[in-house]
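Visitor: I am new to this structure and would like to be walked through it with questions. Could we take one topic at a time?

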Amino acid sequence: MKPLEYCNGVLKLIDQTLLPGEQKIVELKSYAKVADAIKDMIVRGAPAIGVTAAYGVAIASKAINTDSKDEFFTDLVKVCDIIKSTRPTAVNLFWAVDRVYNKAVSNRDKSIEEIKNLIEEEAHLMEKEDIESNRSIGRFGNELIKENWTILTHCNAGALATCDYGTALGVIRAAHESGKNIRVFADETRPYLQGSRLTAWELMQDNIPVTLICDNMAGHFMKEGLIDCVIVGADRIALNGDTANKIGTYSVAVLAKENNIPFYVAAPTTTIDFSIETGKQIPIEERSPDEITHIKGVRIAPEGVNVKNPAFDVTPNKYISAIITDKGIIYPPYNENIEKYK
Ligand code: MRU
């Protein structure tokens, strides 16, 4: 299942706001539309946002109509800044835009046409690398999963959140594909319902047994002994291992520790922000109150009520048993071990 596909200046996305009810593909031909698609969560999930952004820069570069290299680069910087302003938390967005931009800068001596093609090629390469990286996360993570385990996950860190296969769901897929009899409990993930709308749907497509629960049921099932481990994705990991992920992840991590259940983060090394020491430096996106006061356009809270809607929280490193990456499994002490993966 590929949430994005690029060909000849057109980026096709599965509109994730409509799943699972409707499977619609949107076709984007301008960088402004790509930026809107990221902001409006037509595409979401850290790695998918990153690669989408890279294609956005490729589309933008093709539309810059000038013979002046100075003008080309001035316009390119503007576009990169606009795309970077769409969502603040997932570091993959910034990493991806910087990577294609730096590709252009390091080839400044080439013709504008050649530079445009190099940006496009780099975006393609990033898509390919993301899929390989998820397969690798799956292989490493599978070593931690035992026969007959039930795995709890939060949000959607699946194929839909990446270029294919997924990170947390990549580990689950790898365990399932290797013949292990595993089951998944999926938190519904209020308010945006990535768990019920996307994770449950995605796993059912692959015939991986999944049980949907409300977020506030996770502790109950842990205490009942029904959960063997938790695996979640990540939007940004600090050098000390503190991890930003979908709002509610922190609560799940605390509950896991209380119940002696291993709590794993699965993420590519591109999600590590080597420039920040701790999770305190991670910007947390605040989204529209409507996501909480309304469901599918229907008001479910009193008019005028005060609302807070942070889209992510930070799980302190002490709750994380290990971080499963494409380059291997990182164990505590994260302060010492994460740096080695730079
Ligand atoms: O707001 P979203 O849906 O973009 O948030 C997604 C998550 O928090 C995922 O867990 C994370 O990006 C990892 S995706 C492999």
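Visitor: How far does a polar side-chain atom of Arg44 lie from an oxygen atom of the ligand?
Guide: This is a predicted model, and the distance is computed from its coordinates. A pair of N or O atoms has to lie within 3.5 Å to be a polar contact. The polar side-chain atom of Arg44 meets that limit, since its distance from a ligand oxygen atom is 2.9 Å.

Visitor: How many residues surround the ligand, and which are the closest?
Guide: Two side chains can be taken beside Arg44: Asp235 has an N or O side-chain atom 2.8 Å from an oxygen atom of the ligand, and for a polar side-chain atom of Lys246 the distance to a ligand oxygen is 2.7 Å. Both Asp235 and Lys246 appear among the closest residues of the surroundings. The ligand is surrounded by 18 residues, and the closest are Ala46, Arg87, Asp235, Asn245 and Lys246.

Visitor: What distance separates the centres of domain 1 and domain 2?
Guide: The domain assignment of the protein chain places residues 4-134 in domain 1 and residues 138-341 in domain 2. Where the two domains touch, domain 1 contributes 30 residues and domain 2 contributes 32 residues. Taken over C-alpha atoms, the centres of these domains are separated by 25 Å.

Visitor: Which three residues supply 26% of the area that domain 1 buries against domain 2?
Guide: About 2600 Å² is buried between domain 1 and domain 2, and carbon and sulfur atoms give 55% of that area. On the side of domain 1, one set of three residues supplies more than any other three, and that set is Arg44, Thr89 and Asn134.

Visitor: Which side chain meets that of Glu285 in a salt bridge?
Guide: Side chains of opposite charge can pair when their charged atoms come close. Between domain 1 and domain 2 the count is one salt bridge, while the residue pairs in polar contact there number 18. For Glu285, the N to O distance in the salt bridge is 2.9 Å, and the partner is Arg87.

Visitor: Which element gives the most to the side of domain 1 that touches domain 2?
Guide: The elements that give two or more residues to this side are helix 2 (46-63), helix 4 (91-105) and helix 5 (112-142). The residues of this side divide into 16 nonpolar, eight polar and six charged. With five residues, the element that gives the most is helix 5.

Visitor: How many residues apart are Lys103 and Glu122?
Guide: Lys103 and Glu122 form a salt bridge in which the closest N and O atoms are 3.8 Å apart, and the cut-off for such a pair is 4 Å. Lys103 belongs to helix 4 and Glu122 to helix 5, a link between distant parts of the chain, and the two are apart by 19 residues.

Visitor: What is omega for the peptide bond that joins Arg190 and Pro191?
Guide: Pro191 is placed in the loop between strand 5 (183-187) and helix 7 (194-205). The peptide bond joining Arg190 and Pro191 is cis, and its omega is about 5°.

Visitor: Where does Tyr165 lie?
Guide: Tyr165 is a residue other than glycine, yet its phi has a positive value, near 75°. Its place in the chain is the loop between strand 4 (150-153) and helix 6 (168-177).

Terms used:
Residues numbered from 1 in each chain as written. Predicted model: local features only at pLDDT ≥ 70, side-chain atom pairs only at ≥ 80, totals over all residues. Heavy atoms only, no water. Domains from an automatic or database assignment. Contact = heavy atoms within 4.5 Å. Buried area = accessible area lost by both parts, 1.4 Å probe. Polar contact = N/O pair within 3.5 Å; in protein donor to acceptor, adjacent residues only side chain to side chain. Helix = DSSP H or I, 4+ residues; strand = E, 2+ residues; numbered from the N terminus. Nonpolar A, V, L, I, M, F, W, Y, C, P; charged D, E, K, R; others polar. Near = heavy atom within 4 Å.
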